[in-house]
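Good morning, everyone, and thank you for making room for me in the meeting. Please have the sequence and the structure open while I talk, since I will be pointing to places in both.

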Amino acid sequence: MFDQKGEIRIIEAFLAIAVMFVVVLIPITWPSSPDLTQSKDLADIGTQALITLDVNGTLGNLIAQKNWTSIKQSLDILLPLGVSFNLTIYDENLRTVNDQTIQNSNLLGSEVVSVQYACASQNLDVKTYILRMQMAEIG
Amino acid sequence: MASLLLASQMYIFEVGKITTETELNSLENFVLAVKLGSKHVVIGSLANASNGGQISSFSLNLQKWSSLISSQFQFGKSSLYHALCETAPYSSGFWMYQGANGYGVSSAYANFTYRLSDWEVTIDQNYFVNITTAVIIESTFQTIRANEKQINITINVLNEMGPALAKQIKVYYESSGGWLIPDETNNYTILDYGTGSYLVSFVADIPSSSVAVSAQVIDQREIYAQANVTSTQI
């Protein structure tokens, strides 16, 4: 006679494998699209933070002084709690200017919104920069 | 067991998944950034020129800024054109005046056109940037005895015709054909009202009956301006 218990175990194992495959395949086949309204709000918040820092020339001057800590601290204050950011600064030849990372936490595993911002320093030796800020809402 | 495996699989997937990145820029904010940058370039160029730098650096700085903006293609083809003001009293975008009437000006003026071209539409945004640091001084003096004179100078610093704070003020007085800086031996005091107004007082030995004074000011934006005046006896 057949051992019915063993048969059920095999069926259960196959079902479990099938469920796992489905779970893995679903996100690959239908990747979740980012919420554009939420992303746009985050992009606006980020750009406004950069504009606030740039209005009186502080942003360009801090970059010219290579004061990455102050830029990070300013963005920490200007951006709402729960927003992670990573700022990269490029010169006019698109070479990276910041030799230290300007970020408050890791963005890995997040849906990232990025904004690009052009700015100039207002000190005696005028320099121009392109800033790229990546942001994500954490939690 | 299947549930445990499933949960682990989902966790590994969630942590290790490729980050999606969406680039979102607003045209309104971009134009605002272009205008802000233009203003900073004008301020920096004026600071440089008023401190004895090359006049030609103004045009070079604006070209650098225009070139950076023109390399941006977020909304279409961006172009930034500039023209230095040549209308009197400006020349090559600058007006520097250090009169003997108590008024000194360092000013820069440039006109800009930001053009955004697409397949279907071209938008022009015209704007200008005028940065002016002005110094107004008034002075009185009193003869204490013989050649010794008590001199008071009121200095007002203005940015775009509004009160502004100075970063540095240097005062000079003329004595026997030379310009001297008053120091503690002259009982030099400076009173900062915190409103862009400063009162400088000192005692100096000046043989001449007329007293010429000069104030050299550097504002918070590093722009230099100078004003000279003949002190009035009271």
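I will go through one chain in outline, then a helix pair and some strands in the other, and a few single residues along the way.

Before anything else, please keep in mind that what you see is a predicted model.

Let me begin with chain A, which has four helices and four strands. If you follow chain A from the N terminus, the elements come in the order α-α-α-α-β-β-β-β, so please read that order along the sequence as you look. Of the 139 residues in chain A, 29% are buried. When we take the contacts in chain A between residues at least 6 apart in sequence, 64% of them join residues at least 24 apart.

Two residues of chain A deserve a moment. The first I would like you to find is A:I51, which sits in helix α2 of chain A, residues 36-54. Is A:I51 buried, exposed or partly exposed? It counts as partly exposed, because A:I51 has 17 C-beta neighbours inside 10 Å, and the count for a buried residue would have to be 20 or more. Which residues does A:I51 touch, once we leave aside its neighbours within four places in sequence? The answer is B:N29, B:L32 and B:A33. For a sense of distance, A:I51 and A:Q73 are 22 residues apart in sequence, while their C-alpha atoms are 15 Å apart in space.

The other residue is A:L94, which you will find in the loop between β1 (83-90) and β2 (102-103) of chain A. Its phi is near 60°, a positive value in a residue other than glycine. A:L94 counts as exposed because it has 8 C-beta neighbours inside 10 Å.

Now we turn to chain B, and to a pair of helices. Helix α2 of chain B, residues 27-50, packs against helix α3 of chain B, residues 57-70, at an angle of about 160°, and the two axes are 9 Å apart. That angle is why α2(B) is described as roughly antiparallel to α3(B), since angles over 145 degrees fall into that class. The crossing of α2(B) and α3(B) is right-handed. On the side of α2(B), the contact is made by B:V34, B:G37, B:S38, B:V41, B:G44, B:S45, B:N48 and B:A49, and α3(B) contributes B:S57, B:F58, B:N61, B:L62, B:W65 and B:I69. How many nonpolar, polar and charged residues does this contact have? Between α2(B) and α3(B) there are seven nonpolar residues, seven polar residues and no charged ones.

Further along chain B, please look for B:P89, in the loop between β2 (77-84) and β3 (94-98). The peptide bond from B:A88 to B:P89 is cis, with omega near 10°.

The last part concerns strands of chain B, and I will build it around β5(B). Strand β4 of chain B, residues 103-117, runs antiparallel to β5(B), and 15 bridges join the two. One place to check this pairing is B:S107, which stands opposite B:T132 in β5(B). The connection from β4(B) to β5(B) is a hairpin through four residues.

β5(B) also pairs with β6(B), in the antiparallel sense and over twelve bridges; here B:A134 has B:L158 of β6(B) as its bridge partner. These two strands form a hairpin with two residues between them, and B:A146 in the turn has a positive phi of about 45°. Is B:A146 buried or exposed? With 8 C-beta neighbours inside 10 Å, B:A146 counts as exposed.

With β13(B), however, β5(B) pairs in the parallel sense, over two bridges, and B:T140 has B:T232 of β13(B) as its bridge partner. Strand β13 of chain B, residues 224-233, is mostly covered, with seven of its ten residues buried. β13(B) is also joined by eight bridges to strand β12 of chain B, residues 211-219, and these two run antiparallel. In that pairing, B:V213 stands opposite B:V229 in β13(B). The hairpin of β12(B) and β13(B) has four residues between the strands, and B:E222 there takes a positive phi near 75°.

That is where I will stop, and I would be glad to go back to any of these places with you.

Notes. Residues numbered from 1 in each chain as written. Chains lettered and ligands numbered in written order. Predicted model: local features only at pLDDT ≥ 70, side-chain atom pairs only at ≥ 80, totals over all residues. Axes fitted to C-alpha atoms, helices over the stretch in contact; angles between N-to-C directions. Parallel < 35°, antiparallel > 145°, perpendicular 65-115°, else oblique. Left-handed = near helix turned anticlockwise from the far one by under 90°. Contact = placed C-beta atoms within 7 Å. Nonpolar A, V, L, I, M, F, W, Y, C, P; charged D, E, K, R; others polar. Buried ≥ 20, exposed ≤ 12 C-beta atoms within 10 Å, placed from the backbone. Pairing = 2+ DSSP bridges.
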